[in-house]
Amino acid sequence: MSVQPAKRDENPATAGRRFAGIDDLGDLHGRRVLLRVDLNAPMQDGVVTDLTRLQANAVTIKALAAKGARVIVLSHFGRPKGKWDASQSLRPVAEALPVIIGLPVAFAADCVGPVAKAAVNGMAPGSVLVLQNTRFYPGEEANDPEFTAQLAELGDVYVNDAFSCAHRAHASTAGLAGLLPHAAGIWMKKELDALEAALGSPKHPVVAVVGGAKVSSKLDVIGNLVGKVDHLVIGGGMANTFLFAEGKEIGKSLAEREMADTARAIVEKAKAAGTEIVLPVDGVVAREFKAYAENEVVSVDAVPEDAMILDIGPASIERVKAVLRQAKTVVWNGPFGVFEMEPFDLGTNACAREAAKLTREGKLLSVAGGGDTVAALNHAGECEAFSFVSTAGGAFLEWLEGRELPGVKALAK
Ligand code: AMP
């Protein structure tokens with residue numbers, strides 16, 4: 001097991017402010033800008049059901065169009081695995097885009113070759129064109145130089161606004177930066193700045209909240225945070241593994257009992273690094289895993305043999321709130337309990353509310369992201385109040401792990 005605190009300069013996101021932005025690209029009037037965004041929005045029966053990601057990228061599309069650029073939008077959609085697949089066409093997304101950006105949007109039925117070239121040649125300054133799904137070609141995910149060159153032929157400059165795809169070294173997310181003058185889009189810069197503020201050079205005390213189901217899936221996250229943050233609050237099913245490792249009886253709770261040694265090693269590492277690990281002191285337990293299951297609050301020293309912990313209890317909530325109140329920065333990933341089932345969402349809701357309130361009062365910088373976190377904060381009704389909520393799932397987690405993101409690294413060159 002490796003629980004190594006990453007060195008500050010290992011994380012490319014910490015260099016966020018050094019990236020060129022679209023204002024550094026000179027006069028863009030009439031220039032062909034290949035803009036990589038993330039149009040991989042959830043869709044049902046050909047209709048986009050969640051516009052969050054499109055709204056994030058819309059700012060950059062509009063800004064480029066306002067500069068008179070010919071905005072050529074690149075994105076993947078779904079997982080067609082390098083083959084043409086009409087069900088994964090970007091056309092319906094391109095059709096949803098005008099409502100969001102307030103501009104007409106053209107669509108080209110291919111992303112390279114004569115069809116794409118003809119569409120680009122027909123563009124007026126300030127117009128927007130969406131090219132077909134880049135993943136229809138195997139060269140996209142393979143970051144194939146020939147495919148990358150075909151894309152590059154369509155543009156004069158490259159702008160990457162898709163932080164959520166930055167953990168992939170694909171042709172349109174990384175390769176293009178090697179062939180064209182490039183810059184980070186407005187949303188990409190916003191993400192990088194937020195990450196920089198949260199962990200690059202944050203205001204202390206810094207609190208990390210890591211919740212969710214399994215320690216094993218977030219081992220690298222915890223390993224990277226230990227030593228960087230002042231308090232590491234562990235919640236959700238993950239906390240159960242730590243409680244078990246302390247020798248507590250946790251009944252039928254979700255836990256990775258085989259990870260007890262790892263959990264103990266993390267605790268030791270944290271002690272040595274000066275990071276306080278904050279674990280629940282009480283829990284809401286039930287005998288059935290279902291909404292409104294009969295439940296009671298017990299101390300973590302008195303979990304009945306036949307019960308499972310499904311949320312943190314009121315004393316733990318107060319403890320987490322107190323930690324948040326004395327913090328200047330919080331970075332948040334994962335829920336405190338089974339937030340999808342009432343009333344086991346109370347712990348997550350209460351802690352999210354406190355972070356949101358402190359943020360509104362200007363006392364706390366709050367950055368959240370990754371997997372279910374956005375859903376949990378939305379459920380708590382507090383997503384908007386956070387200083388920054390990343391639209392990225394995998395990329396946010398990889399950043400939390402202190403990994404180098406190829407899409408970000410490529411832009412830094
Ligand atoms: P993750 O994807 O790792 O962030 O995990 C999120 C999931 O963890 C959610 O679906 C929660 O329902 C689940 N979870 C949180 N706390 C618990 C718990 N005490 N027991 C079982 N599942 C939990």
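Rings of Phe, Tyr and Trp, the last represented by its six-membered ring, are taken as an aromatic pair if their centres lie within 6.5 Å. By this rule the predicted model contains six aromatic pairs.

**Figure 1. Aromatic pair of Trp84 and Phe136.** The rings of Trp84 and Phe136 lie 4.7 Å apart, centre to centre, with 50 degrees between their planes, and the pair is classed as tilted. Trp84 belongs to the loop between strand 4 (70–74) and helix 2 (91–101), and Phe136 to the loop between strand 6 (128–131) and helix 4 (138–142), so the pair ties together parts that are 52 residues apart in sequence. Trp84 counts as exposed because its relative accessibility is 53%, where the cut-off for exposed is over 50%. Phe136, with a relative accessible area of 4%, is buried.

**Figure 2. Aromatic pair of Phe396 and Trp399.** This pair is also tilted, with a centre-to-centre distance of 5.5 Å and 55 degrees between the planes. Phe396 and Trp399 stand three residues apart in helix 13 (residues 394–400), so about one helical turn separates them. Both Phe396 and Trp399 are buried.

**Figure 3. Further aromatic groupings, at Trp332 and Phe244.** Trp332, Phe336 and Phe386 together make up one aromatic cluster. Elsewhere, Arg257 is placed over the face of Phe244, at 5.6 Å from the ring centre.

**Figure 4. Surroundings of the ligand, with the residues that come nearest.** The ligand has 14 residues around it, of which Ala213, Lys218, Ile309, Gly337 and Glu340 come nearest. By class, this shell comprises six nonpolar, five polar and three charged residues. Helix 8 (236–245) and strand 14 (308–312) each contribute at least two residues to the shell. The largest share, three residues, is supplied by helix 8.

**Figure 5. Polar contacts of the ligand with Lys218, Ile309 and Glu340.** An N or O atom in the side chain of Lys218 lies 3.0 Å from an oxygen atom of the ligand. For Glu340, a polar side-chain atom is 2.5 Å from a ligand oxygen atom. The contact at Ile309 involves the backbone: one of its polar backbone atoms is 3.0 Å from a nitrogen atom of the ligand. On its own the ligand has 500 Å² of accessible area, and the protein covers 83% of it.

**Figure 6. Cis peptide bonds preceding Pro205 and Pro343.** His204 and Pro205 are joined by a cis peptide bond with omega of about -5 degrees. Pro205 is situated in the loop between helix 6 (186–200) and strand 9 (206–210). Another cis peptide bond links Glu342 to Pro343, with omega of about 0 degrees. The loop that holds Pro343 runs between strand 15 (329–333) and helix 11 (346–360).

**Figure 7. Positive phi values at Asp45 and Tyr292.** Asp45, a residue other than glycine, has a positive phi, near 50 degrees. Asp45 is located in the loop between strand 2 (43–44) and strand 3 (47–48), and its relative accessibility of 79% makes it count as exposed. Tyr292, likewise a residue other than glycine, has a positive phi near 60 degrees. Tyr292 lies in the loop that connects strand 12 (282–286) and strand 13 (295–299). With a relative accessibility of 60%, Tyr292 counts as exposed.

Methods: Residues numbered from 1 in each chain as written. Predicted model: local features only at pLDDT ≥ 70, side-chain atom pairs only at ≥ 80, totals over all residues. Heavy atoms only, no water. Near = heavy atom within 4 Å. Polar contact = N/O pair within 3.5 Å; in protein donor to acceptor, adjacent residues only side chain to side chain. Areas by Shrake-Rupley, 256 points an atom, 1.4 Å probe, with all protein chains shown as cover. Helix = DSSP H or I, 4+ residues; strand = E, 2+ residues; numbered from the N terminus. Nonpolar A, V, L, I, M, F, W, Y, C, P; charged D, E, K, R; others polar. Phe/Tyr/Trp six-rings, centres within 6.5 Å; stacked < 30°, edge-to-face > 60°. Buried < 20%, exposed > 50% of the residue type's maximum accessible area, 1.4 Å probe, protein only. Lys NZ or Arg CZ within 6 Å of the ring centre and 35° of its normal.
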